[in-house]
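The following exercises are to be worked with the sequence and the three-dimensional model at hand. Each task is followed by a solution in steps.

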Amino acid sequence: MIPHAPWFEEARFGMFVHWGLYALPARHEWVMNREETTVEEYSKYFRRFDPDLYDPSEWARAARNAGMKYVVLTTKHHDGFCLWDSALTDYKATNTPAGRDLIAPYVEALRAEGLKVGFYHSLIDWHHPDFTIDGVHPQRNAADVESLNAGRDMDRYREYLHGQVRELLSNYGTIDYLFFDFSYAGPGHDEEFWGGKGRKDWDSHALLAMVRELQPGIVVNDRLDIPGDFVTPEQYQPAGPMMLDGEPVTWEACQTLNGSWGYDRDNLNYKSVDLLIRMLVDGVSKGGNLLLNVGPTGRGSMDPRALASLEGIGEWMALHSRAIYGAGASQFTSPPDARYTQRGDRLYVHLFAWPFEYVHLPDLAGKVEYAQLLNDASEAFLKEVDPGQQAMNMTPGGQPPGTLTIKLPVQRPDVAVPVLELFLKPSASDSEALHG
Ligand code: GLC
């Protein structure tokens, strides 16, 4: 748990929004890097950025209806374009056809829907004239890269970075969450290829100290190349509860709908609603959060395909959110094809495959008072095995001693992931609920 922000692990589910100039090329937010676009070439998007359908209260409603509790928007991505009216650059929404600060209405809209407010901020900047050209930079292969690099000064860039973060955390009231992105120094990075930018380049310790001073309640991620409040597995599901230096650590997986963060028109690699819900459940069963991304279009509205996914998740959350909010990993071991989440004396069995009439729960015999299907609160019968039957191997399915068997209807409830809610006896729940 993050002691200064217990809401974060309570919430379990948030929305990531990648939105900026790259919505116009509509072929991934790294388009500038991938196509080695110069700042001049890229400026055609700056001149055309006109999000006439931008209505952050619609984004906020979509998030809330999906069961999400917080939203995180790219204030600036790697292309350097700023969505707010920064005093430190001209490369901002105010100077595009959008003609206004786009962050202020976003913050307001989230608050109106009771959502926590998150910012993503890129440490990397492919527009700033002082940001040195390294292996990740769009100009990395330019013939005149040496002369392009001459005179670039990371000290000046660092001042800009700190100044912009100061603006963002001073001008919009309480900000609950900050996602810095990203460092590529040290082990695991080919320093020669990437150019190795990390904590020295950002002066991460001073930056983080400033963040905490300006927003004492904020949670900050781990990509400053120094530890933050939580770690951020990206586009994969961890194998189990995450550890850092032998200690359990707060974590949040960020996942895409289709592999791209920014709007990517022709990418059809959409995850199904069922898969997305399983990802959420799987994460919570391992004590983590899910930050699920959408990439709005250049006009500022949500892609209908993203909206459909959010609605599908929302339908499930409307019936099952109490198996998610405030829940975490359980000490009990779930049967195959299922995940457990636990909140106090409630143990939730998320059935990824519908069993053959009986589900067998190891080591839970004698520990459960009552069981029901969560979608409709219909009772599910407990079948505890008596030792006589056990001796004759007459237990349902020949399960080992200590197994609790629950009888299920033949008909699978018509929900993406059916969930059993078990009410544990006090003796079973006291010591065994695990969080984080
Ligand atoms: C990456 C990418 C990026 C995306 C982010 C989300 O590091 O650079 O485009 O914003 O991950 O976690």
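Two residues are in contact when heavy atoms of theirs lie within 4.5 Å. The model is a predicted one.

**Exercise 1. The chain as a whole**

Task: Determine what share of the contacts between residues at least 6 apart in sequence joins residues at least 24 apart, and state how the radius of gyration relates to the globule rule.

Solution.
Step 1. Of the contacts between residues at least 6 apart in sequence, 72% join residues at least 24 apart.
Step 2. The secondary structure comprises 14 helices and 17 strands. The radius of gyration is 24 Å, close to the 22 Å that the globule rule gives for 436 residues, so the chain is as compact as a globular protein of that length.
Step 3. The C-alpha trace spans about 85 × 45 × 40 Å along the principal axes.
Step 4. Buried residues make up 58% of the 436 residues of the chain. The chain exposes about 18,000 Å², of which carbon and sulfur atoms supply 50%.
Step 5. The side chains include 39 positive and 61 negative ones, and the centres of these two sets lie 3 Å apart.

**Exercise 2. The two sides of helix 5**

Task: Identify the buried residues of helix 5, and explain why they line one face of the helix.

Solution.
Step 1. Helix 5 covers residues 103-112, and its buried residues are I103, Y106, V107, A109 and L110.
Step 2. Viewed down the axis of helix 5, these buried residues fall within an arc of 165 degrees, and they therefore line one face of the helix.
Step 3. The general geometry is relevant here. An α-helix has 3.6 residues a turn, so residues three or four places apart point the same way.
Step 4. The face turned away from the buried side of helix 5 carries the exposed residues E108 and A112.
Step 5. The packing partners of the buried residues of helix 5 are helix 4 (56-65), strand 2 (70-76) and strand 3 (116-122).
Step 6. Just after helix 5, G114 adopts a positive phi of about 75 degrees.

**Exercise 3. A contact between helix 4 and helix 12**

Task: Establish where A62 and L307 are found, and state which residues each of them contacts beyond its neighbours within four places in sequence.

Solution.
Step 1. A62 belongs to helix 4, whereas L307 belongs to helix 12 (residues 304-320).
Step 2. The relative accessible area of A62 is 12%; since the limit for a buried residue is under 20%, A62 is buried. L307, at 30%, is partly exposed.
Step 3. Leaving aside neighbours within four places in sequence, A62 is in contact with L307 and L310. With the same neighbours left aside, L307 is in contact with A62 and M302.
Step 4. Separation in sequence may be set beside separation in space. L307 and W59 are 248 residues apart in sequence, and their C-alpha atoms are 9.4 Å apart. A62 and L24 are 38 residues apart in sequence, and their C-alpha atoms are 22 Å apart.

**Exercise 4. Backbone geometry in loops**

Task: Describe the peptide bond between D181 and F182, and give phi for H28 and for A377.

Solution.
Step 1. As background, most residues other than glycine have a negative phi, and most peptide bonds are trans.
Step 2. The bond joining D181 and F182 is cis, with omega of about -20 degrees. F182 is found in the loop between strand 4 (177-181) and helix 8 (191-194).
Step 3. H28 has a positive phi, near 85 degrees. H28 is found in the loop between strand 1 (13-17) and helix 2 (31-34), and H28 is buried at a relative accessible area of 10%.
Step 4. A377 has a positive phi, near 55 degrees. A377 is found in the loop between strand 13 (368-373) and strand 14 (378-379), and A377 counts as partly exposed at 46% relative accessibility.

**Exercise 5. A residue of strand 6**

Task: Decide whether M243 is buried or exposed, and name the residues with which M243 is in contact, leaving aside neighbours within four places in sequence.

Solution.
Step 1. M243 is placed in strand 6 (residues 243-244).
Step 2. The relative accessible area of M243 is 52%; since the limit for an exposed residue is over 50%, M243 is exposed.
Step 3. Leaving aside neighbours within four places in sequence, M243 is in contact with P248 and V249.
Step 4. M243 and V231 are 12 residues apart in sequence and 9.6 Å apart in space, C-alpha to C-alpha.

Methods. Residues are numbered from 1 along each chain as its sequence is written. This is a predicted model: local features need pLDDT of at least 70, side-chain atom pairs count only at pLDDT 80 or more; totals for chains, interfaces and linings use all residues. Side-chain values use heavy atoms; hydrogens and water are left out. Buried means under 20% relative accessible area, exposed over 50%, partly exposed in between (1.4 Å probe, protein chains only). Helices (H or I, at least four residues) and strands (E, at least two) are DSSP runs, numbered from the N terminus. The arc is that of the directions from the helix axis to the C-beta atoms. The radius of gyration is taken over C-alpha atoms; the globule rule is 2.2 Å times the number of residues to the power 0.38. Accessible areas come from the Shrake-Rupley method with a 1.4 Å probe; for residues, only the protein chains shown count as cover. Lys and Arg count as positive and Asp and Glu as negative; His and the chain ends are not counted. The place of a charge is taken as NZ of Lys, CZ of Arg, CG of Asp or CD of Glu.
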